[in-house]
Amino acid sequence: MGDARFPRKPVAQLLGSNGPIHAVAYSASPGSYILTGSSDRTIRLYNPNSTSTTTTTSTNNINTKNTTPSDPGNVPQGRLIQTYSGHGHEVLSLSIAHDNATFASSGGDRAVYLWDVTTAQTIRRFGAFANGHTGRVNTVTFAGMDDSLLISGGHDTTVRIWDIKSGGSGSAKPIQILEDAKDAVTAVVVGHEEKEIVTGSVDGRVRTYDLRNGKCVTDVMPAAVICLSLSRDDKTLLVGTLDSRVRLMDRRDGGCLRTYGGKSGAEGEEEEESWRNEEFRVQSCFGGKERFVVAGEESLSSAGGENGGRVWAWDLTTGKVVARISVPVPGSPLQASSTGGSSTKSWRISGTAGHGKEKRNVISTIAWKEDGYGNQFCVGGTSGVVTVFGE
């Protein structure tokens, strides 16, 4: 089944998290490293191509030792380079600057952190006080010339724009607050020409802010918006929604060019199988030089094997399924936390007053190397393991 060009071989697993993985991100081109954010309040930096050792860390010190993983499914372990500790709650989003010297993170502690990659220290903190978000910060991204801005979106329904050079103790004021959303903001992306900000929210709206003239254009989706991904030419937008659909939208007129998900017959197969995403933030993205649309899966315990979930891929043009890949999980499907009360539950997606349900085996976060143009991608979820796939 599927397209032979799609990278479906597990080439590394990134271990060490004491809870579900909520965020993954590749370093800027050439994308040699991967950052992960976990419910155990920790961010970890890995080299997925170096698999000779397993690394254990304290807060900022790295100690290495040779170990043999227990039942790794014959998938090599990537090497842990550094651990970043500072969040008081789960880490939900990561964004890496173009020069790879700094990265930003956000999460359940209502704050946005700017980190120095080398020293593993926070450079600045935005929010968590009177001028910050009043709920968890679901998403953060760099923006502006030379990555001079950070844009965050939160459970409090606001999008806040921060000047990186202002403040550092958490008392800095955002230079602008966008308050149009009527429910939690789940996704923020910035146009490659830095002229537009696009936001998605649980109220089922995609809002595009034109920074040149101050206008806002709103597109209505059939369900809560949980994920956004811009094409490299900014002409199309992937929109993931909680009706088990990912839509390719034409940004010129707001029309839907193609829909992925639901019941889709795979190429070369007669049976149909349904891709499901109705409760949790299951991310999607472009891949394979924008030939594919790729997403995790909100699966039942039997899907994707006894312990693991799956990755789905569709042909961008035809909408046909080109791959359904089981994600191997070493050992237990859920790694229980031994410290800090970290939860083994998947991250819930709900409105400002809603209550999500717990579900296991969710592949919820995904990143493709070099913004969809590399030869590798990685996924994470409730297992606490990040799996890297290559050719």
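Ser17 counts as buried in this predicted model, because its relative accessibility is 4%, which lies under the 20% limit for that class. Asp116, by contrast, counts as partly exposed at 23% relative accessibility. The points below take up these two residues and then turn to a sheet of four strands.

**Ser17**
- Ser17 is placed in the loop that lies between strand 1 (9-14) and strand 2 (21-26).
- The side chain of Ser17 makes a polar contact with the side chain of Ser38 at 2.7 Å, and it also reaches the backbone oxygen of Gly19 at 2.6 Å.

**Asp116**
- Asp116 belongs to strand 10, which covers residues 111-116, and its side chain reaches the backbone nitrogen of Thr119 at 2.8 Å.
- When residues up to four places away in sequence are not counted, Asp116 touches Tyr84, Ala101, Gln121 and Ile123.
- Asp116 and Asn100 are 16 residues apart along the chain, and their C-alpha atoms are separated by 9.3 Å.

**The sheet of strands 12 to 15**
- Four strands form an open sheet in the order 12-13-14-15, and their pairing is antiparallel.
- Strand 12 (137-143) and strand 15 (176-178) stand at the edges with a single partner strand each, so one side of each has no neighbour in the sheet.
- On average, neighbouring strands of this sheet are turned by 20° against each other, with direction ignored.
- Strand 14 (residues 159-163) is joined to strand 15 by three bridges, and the two run antiparallel; Ile161 stands opposite Gln176 in strand 15.
- Strands of a sheet pair through backbone hydrogen bonds, in either a parallel or an antiparallel way.

Conventions
Residues are numbered from 1 along each chain as its sequence is written. This is a predicted model: local features need pLDDT of at least 70, side-chain atom pairs count only at pLDDT 80 or more; totals for chains, interfaces and linings use all residues. Side-chain values use heavy atoms; hydrogens and water are left out. Buried means under 20% relative accessible area, exposed over 50%, partly exposed in between (1.4 Å probe, protein chains only). Contact means heavy atoms within 4.5 Å. A polar contact is a pair of N or O atoms within 3.5 Å; within protein, one must be able to donate a hydrogen and the other to accept it, and residues adjacent in sequence count only if both atoms are side-chain atoms. Two strands pair if DSSP finds at least two bridges between them. Axes are lines fitted to C-alpha atoms, for helices over the stretch in contact, and angles run from 0 to 180 degrees between N-to-C directions.
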